[in-house]
Amino acid sequence: MRPLTEEETKTMFEKLSKYIGENIKLLVDRPDGTYCFRLHKDRVYYMSEKILKLATNISRDKLVSVGTCFGKFTKTSKFRLHITALDFLAPYAKFKVWVKPGTEQSFLYGNHVLKSGLGRITENTEQYQGVVVYSMADVPLGFGVAAKSTQECRRVDPMSIVVFHQADVGEFIRNEDTLT
Amino acid sequence: MAECNVDELLAKAQQDEAEKLRSITVHKELDLEFDVGNLLAIDNNRIETRDFKGQNKEEFLRSLARDNTQLLINEIWKLPTERVEEVIVAKLPEPTTLLPREKRPPKAKPATKWEQFAKLKGIQKKKKTNLVWDENAKEWRRRWGYKRVKDDTKEWLIEVPENADPNEDQFAKRVTAKKERVAKNELNRLRNIARSQKGKVPGVGLTPTAQQSKDDLGRAVTVAKTSTASMGRFQDRLPKEKPAKNMGKKRKFEPLIGDFSNERQKQLELLKVLGNKTPKLDITKAVNKQMREEDREEAAAKYRKGAGKKGRKGNNMSGKGKGKGGKGKGVKGKGGKPGGGGGGGGGGKKRSKAGKH
């Protein structure tokens with residue numbers, strides 16, 4: 001385990017800011033405790049300092065996971081956000097997409113969201129903006145990337161993709177063994 | 001008298017024969033073990049201690065040795081013999097006793113780079129013939145070596161490729177390329193040897209190759225700089241030269257439980273910098289604005305169409321045409337097809353959706 005270097009922090013923050021914008025500082029600077037990011041085996045974990053101090057007692061090869069895993073750095077140093085970060089993305093999300101009840105299941109199976117399944121979308125969503133996907137009951141289902149801006153969404157045909165799927169809550173079952 | 005002599009002679013002859021035979025045959029209680037290949041005979045018979053005592057020690061030992069040697073030679077005579085240059089020679093079989101090694105068995109050599117790779121990929125060595133038929137020379141030539149089949153340095157005619165400099169000497173180019181390949185091979189061979197003997201190998205970029213790339217040269221410079229007594233700390237730098245990055249194998253990280261507030265500060269600063277980088281003007285925003293205006297125009301045009309009838313048609317057509325053309329322009333940046341295709345329908349749809357968001 002080690003803290004992130006400058007470059008790694010920068011890459012990670014850029015990725016996070018796509019989804020939560022400038023609310024990252026609420027993650028960095030919290031009123032209820034000191035939380036930090038640490039890197040372990042190419043995965044980024046977000047944990048409180050108490051947990052961190054406890055985790056130092058476990059050897060590297062035996063340590064599986066600490067706190068919440070936000071994502072991992074790939075071999076080419078790109079940062080990939082995992083579904084386990086949803087708990088921290090959902091409350092701070094800037095652009096949201098609500099999905100109709102019928103399309104929920106499709107999204108949870110890993111498919112993209114079509115225009116026909118789109119319930120609501122926040123105004124002024126740009127194209128390729130990171131969005132958090134909710135069900136109509138305001139339950140966060142996952143996150144993705146807007147394939148079309150809100151304006152375009154209005155005028156496009158019902159079978160075109162409006163949100164590219166990136167991660168959904170169903171991955172907890174599908175990719176059980178690769179999530180930490 | 002003669003008869004007595006004859007009898008005596010016969011008896012004597014018989015005695016002589018018996019003696020001869022006796023000298024050849026040896027009676028032993030236990031048979032000897034023979035390893036004729038090593039000319040070895042092992043006698044496991046008991047030796048009486050009383051033979052050792054007294055004056056007969058030497059005699060006893062001599063007779064023992066004579067008997068055993070006789071038996072060994074009898075064994076040798078049993079082997080197939082051949083006559084080599086008027087000498088009878090017996091062919092010895094393979095030795096059966098294992099002799100211990102004089103030196104230690106050799107250690108397994110570490111595999112060379114190629115051998116490691118081949119093992120990893122599962123590449124087998126293919127047996128190749130030494131001689132290859134050369135069509136041009138109409139004879140068998142070597143596959144490699146002196147007067148080999150494909151020696152490109154020995155071509156008498158080389159076509160100059162289109163993108164090459166016309167004044168370049170192609171023949172010399174080939175010769176230098178060959179020399180470089182030979183040097184590289186030699187370097188790799190020495191590296192393999194050094195690796196197997198755990199010797200120090202100079203890193204890449206330090207041994208001269210023909211074309212050294214920018215980072216090869218950079219690496220050579222940093223190595224040269226740090227090979228001083230104080231590890232390059234007091235070496236002068238060129239005016240615009242940046243201090244060297246840590247090129248060694250050890251990366252330095254912040255301590256795991258460092259100063260938390262310090263860490264937080266740095267991250268917040270980083271966020272501020274990132275925040276300032278985002279551009280103020282959004283292309284999408286401009287496009288969206290344009291699209292909204294056009295939608296509004298279209299909606300207005302349709303409303304007018306609904307109010308009037310045939311008289312207004314001309315106007316509407318022009319309005320619609322203008323709207324479509326405009327939309328085409330506006331959506332061009334985004335991919336005109338969906339916008340243009342769904343233009344009319346989209347306009348209609350927009351009205352129904354206006355209430356939602």
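Biologist: What makes Arg38(A) and Glu263(B) a salt bridge?

Modeller: Their side chains meet at 2.9 Å, N to O. The term asks for a side-chain nitrogen of Lys or Arg within 4 Å of a carboxyl oxygen of Asp or Glu, so the label fits. Mind you, this is a predicted model, where local features need pLDDT of at least 70, side-chain atom pairs count only at pLDDT 80 or more, and totals for chains, interfaces and linings use all residues. Residues are numbered from 1 along each chain as its sequence is written, chains are lettered from A in the order in which they are written, and side-chain values use heavy atoms, with hydrogens and water left out.

Biologist: How many salt bridges are there between chain B and chain A?

Modeller: The count is 3, and the structure holds 23 over all chains.

Biologist: Why are α1(A) and α7(B) called oblique?

Modeller: The axes of α1 (residues 6–20) of chain A and α7 (residues 260–277) of chain B cross at roughly 55 degrees. Under 35 degrees is roughly parallel, over 145 roughly antiparallel, 65 to 115 roughly perpendicular and the rest oblique, so this pair is oblique.

Biologist: Which residues of α1(A) make the contact?

Modeller: Glu6(A), Thr9(A), Lys10(A), Phe13(A) and Glu14(A), with contact meaning heavy atoms within 4.5 Å. On α7(B), the partners include Leu270(B) and Lys277(B).

Biologist: What area do chain B and chain A bury between them?

Modeller: About 3300 Å², 60% of it on carbon and sulfur atoms. That is the accessible area (1.4 Å probe) that two parts lose on being put together, summed over both. Chain B gives 33 residues to the contact and chain A 37.

Conventions. Axes are lines fitted to C-alpha atoms, for helices over the stretch in contact, and angles run from 0 to 180 degrees between N-to-C directions. Helices (H or I, at least four residues) and strands (E, at least two) are DSSP runs, numbered from the N terminus.
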